[in-house]
Amino acid sequence: MPSIPLTVCPSLDPFDMLTRHAIRTKVLQACYAALSSGSPIEQVFNQLLSEDYDALVKAARDQEAKNRSADSTSDEDAVFLRELYYGAMRRRAEHEARIAPALEHWELERVALIDRILLLLGVEELLHHAEIPVKVTINEYLDLAREFSTDKSSQFLNGILDRIYHSAL
């Protein structure tokens, strides 16, 4: 079985300023590891994301015990991490079927893997996380494209995600 590439993003510390951006970054890297290595998605989750998921759940429980009131931010973040990763990976074929026609004059297989994953995650979030504003979702994936791909990729992704969002209305 192929080995999973090491992640470059440190484990999330739920007591630091935890952002959804950090969660998206971890999920992006886990998806990249799964798709580039061919490893089962559960194995990748267990090796790269389960520690962060467990830490977020624990932080939510600790916060609830301290305050005796439900501050569910960490719990919501844990659910978001899990749902974004598994949703994107399990609905990959469905999402790619939406992405392919939006590419206009491009074949999905010719798009760089990192950009395909950014599109996959963006589509997952647009379609299955309606609680997050569309502009926030698109801007997050443009930022990730600038961080992990190229400036041209961010422009490319912007057009594709916008087309997919408007076609889904």
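Helix α1 is largely enclosed by the rest of the structure, because 13 of its 18 residues are buried, and this description, like everything that follows, rests on a predicted model. The helix covers residues 20-37, and at 1.5 Å a residue it should span 26 Å, which agrees with the 25 Å that separates its end C-alpha atoms. After α1 comes G38, a residue whose phi is positive, near 75°.

Turning to the protein as a whole, the fold holds 7 helices and 0 strands, and, read from the N terminus on, its elements run α-α-α-α-α-α-α. Of contacts between residues at least 6 apart in sequence, 70% join residues at least 24 apart. The table collects the values for burial and surface.

| Property of the protein | Value |
|---|---|
| Residues that count as buried, of 169 residues | 44% |
| Exposed area | about 9,200 Å² |
| Part of the exposed area supplied by carbon and sulfur atoms | 50% |

Where the interior leaves space, a search of the whole structure finds 1 cavity of 30 Å³ or more, and the volume of the largest cavity is about 40 Å³. Its lining consists of L35, R92, E96, L113, R116, I117 and L120, which divide into 4 nonpolar, no polar and 3 charged residues. Two helices, α4 (92-102) and α5 (113-128), each supply at least two residues of this lining, and α5 gives the most, with 4 residues. Helix α1, which covers residues 20-37, is also represented in the lining of the largest cavity, through L35.

Conventions: Residues are numbered from 1 along each chain as its sequence is written. This is a predicted model: local features need pLDDT of at least 70, side-chain atom pairs count only at pLDDT 80 or more; totals for chains, interfaces and linings use all residues. Side-chain values use heavy atoms; hydrogens and water are left out. On a 1 Å grid over the protein atoms alone, a cavity is a set of points where a 1.4 Å probe fits but cannot get out, and a pocket is an open set with protein on both sides within 12 Å along at least five of seven lines; lining residues have an atom within 4 Å of a point. Grid points are joined across faces, edges and corners, and a volume is the space filled by probe spheres set on the points. Ala, Val, Leu, Ile, Met, Phe, Trp, Tyr, Cys and Pro count as nonpolar, Asp, Glu, Lys and Arg as charged, and the others, Gly among them, as polar. The expected span of a helix is 1.5 Å times one less than its number of residues. Buried means under 20% relative accessible area, exposed over 50%, partly exposed in between (1.4 Å probe, protein chains only). Contact means heavy atoms within 4.5 Å. Accessible areas come from the Shrake-Rupley method with a 1.4 Å probe; for residues, only the protein chains shown count as cover.
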